[in-house]
Amino acid sequence: MTPPADLPAAPTVKENPSFEILYWVGCAASYDRRAQRIARAMVRLLRHAGVNFAILGKEEKCTGDSARRLGDEFLFQELATANIETLNKYHVKRIVAHCPHCVNALLKDYAQFGGHYEVVHHTQLLAELIRAGKLPAAPETKVRNTDSLSGAVTYHDPCYLARVNGIHEAPREVLATAIGGQSLCEMKRNRAGTSCCGAGGGRMWMEEDPKQRVSTQRAGEALATGAKTVATGCPFCLTMMSDGVAANNGEARVLDIAELLVERLGLNPPAAHAPAAPAPS
């Protein structure tokens with residue numbers, strides 16, 4: 001799998017054999033231009049916090065999560081076996097991934113085939129770095145359950161993160177830093193009671209009637225909070241919520257928590273200056 005060509009300062013395992021954490025880039029951030037921005041944000045945050053990390057680069061294959069959920073067990077086992085062999089070759093101990101589907105596959109599915117690793121979601125690692133003082137701590141954040149406030153943020157809990165793996169406080173801890181004291185408007189269905197974005201279980205690849213899409217309904221719940229930003233912690237959710245906001249004719253922006261944190265810390269590269277217009281002849 002080929003990572004984004006402009007992934008900033010991300011050493012491979014061969015370039016940095018003494019790495020402590022392997023960053024699993026995943027399919028979405030390798031091929032989808034929108035999801036690539038999550039990977040860029042994560043690399044900037046890891047570099048800013050002084051984390052000793054590396055990526056597999058072209059040696060990384062798809063985890064096979066979608067293949068298994070859709071019933072292609074042979075393909076899943078083929079991918080899992082190849083990835084486990086690669087991970088063991090580089091003596092990988094700890095893995096961070098921004099995709100909850102990758103986290104679940106690497107942590108739970110791979111263990112069935114002898115692949116035992118410490119696997120954390122990117123918000124868990126970012127929360128850990130905040131607690132360690134390697135990233136700035138959060139100012140006080142107001143939490144409103146049904147209130148709306150201009151400029152506020154709402155968070156969509158990904159199913160594979162909150163419902164399947166019970167991870168819902170770490171994202172909010174990081175989000176508190178990222179939104180810098182703005183209000184967090186919780187949707188009624190949140191944490192372990194979250195609603196699916198419509199992409200889980202392989203449904204990302206299925207055709208659906210646009211009027212019946214789960215993403216449209218869930219994005220409607222997000223917009224109903226009055227929030228101007230919808231935060232996510234999954235590239236699948238990012239796509240589905242973005243489509244859902246558009247289907248609802250909403251104006252809220254949809255960003256991964258890592259992107260919001262990069263924005264808050266001012267780590268985004270300066271915009272390229274447009275070339276000067278030619279002088280009239």
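**Reading the strands, helices and side chains**

Modeller: Let's start with strand β3 (residues 94–97) and strand β4 (residues 118–121), which run parallel and are joined by four bridges. Keep in mind that this is a predicted model.

Biologist: What makes β3 and β4 a pair of strands?

Modeller: Pairing takes at least two bridges, and β3 and β4 have four. One place to look is A97, whose bridge partner in β4 is H121.

Biologist: How does the chain cross from β3 to β4, and which hand does the crossover have?

Modeller: It goes by way of helix α5 (residues 100–109), giving a right-handed β-α-β crossover. Put the strands pointing away from you and the path over the helix runs clockwise, which is why that hand is assigned.

Biologist: What makes you say α5 is largely enclosed by the rest of the structure?

Modeller: The count of buried residues does: eight of the ten in α5 are buried, so the helix is called largely enclosed. The buried ones are P100, H101, C102, V103, N104, A105, L106 and D109.

Biologist: Where do β3 and β4 sit in the sheet?

Modeller: The order is β2-β1-β3-β4, an open sheet of four strands with parallel pairing.

Biologist: Why are β2 (53–54) and β4 called edge strands?

Modeller: Each of them pairs on one side only. For β2 the pairing is with strand β1 (residues 21–24), in the parallel sense over two bridges. Since the rule asks for at least two, β1 and β2 count as a pair because their two bridges meet it. L22 has A54 as its bridge partner in β2.

Biologist: What packs on the sheet there?

Modeller: That's α2, which touches β1 and β2, with its direction at about 165° to that of β1. Angles run from 0 to 180 degrees between N-to-C directions, so about 165° means that α2 and β1 point in nearly opposite directions.

Biologist: H48 is in helix α2 (residues 33–48). Is H48 buried, exposed or partly exposed, and why?

Modeller: Its relative accessibility is 44%. Buried would need under 20% and exposed over 50%, so H48 lands in between and counts as partly exposed. Beyond its neighbours within four places in sequence, H48 is in contact with K134, L135, L265 and L267. The C-alpha atoms of H48 and L267 are 8.4 Å apart, although the two are 219 residues apart in sequence.

Biologist: How do you know whether F76, in helix α4 (residues 73–89), is buried or exposed?

Modeller: The relative accessible area of F76 is 0%, and buried means under 20%, so F76 is buried. Leaving out neighbours within four places in sequence, its contacts include T63, G64, D65, A67 and R68, along with D109, Y110 and F113. T63 is 13 residues away along the chain, with 7.5 Å between the C-alpha atoms.

Biologist: Which residues form an aromatic cluster with F76?

Modeller: Y110 and F113 join F76 in one cluster. The rule pairs rings if their centres lie within 6.5 Å, and by it the count comes to two aromatic pairs.

Biologist: Let's turn to T225, in the loop between α9 (214–224) and β8. What makes its contact with A222 a polar contact?

Modeller: The side chain of T225 reaches the backbone oxygen of A222 at 2.6 Å. The limit is 3.5 Å, so 2.6 Å passes. A polar atom of that side chain also lies 3.2 Å from the backbone nitrogen of A227, so this contact falls within the limit as well. T225 itself has a relative accessible area of 7%, which is under 20%, so T225 is buried.

Biologist: And β8 (residues 229–232): how many bridges join it to strand β9 (residues 253–256)?

Modeller: Four, and the two strands run parallel. The chain passes through helix α10 (residues 235–247) between β8 and β9, in a right-handed β-α-β crossover. V230 stands opposite V254 of β9.

Biologist: What does the start of α11 look like?

Modeller: A side-chain oxygen of D256 comes to within 2.8 Å of the backbone nitrogen of A258. In helix α11 (residues 257–265), the buried residues are I257, A258, E259, L260, L261 and V262. G266 follows α11, with a positive phi near 70°.

Technical notes: Residues numbered from 1 in each chain as written. Predicted model: local features only at pLDDT ≥ 70, side-chain atom pairs only at ≥ 80, totals over all residues. Heavy atoms only, no water. Phe/Tyr/Trp six-rings, centres within 6.5 Å; stacked < 30°, edge-to-face > 60°. Buried < 20%, exposed > 50% of the residue type's maximum accessible area, 1.4 Å probe, protein only. Contact = heavy atoms within 4.5 Å. Polar contact = N/O pair within 3.5 Å; in protein donor to acceptor, adjacent residues only side chain to side chain.
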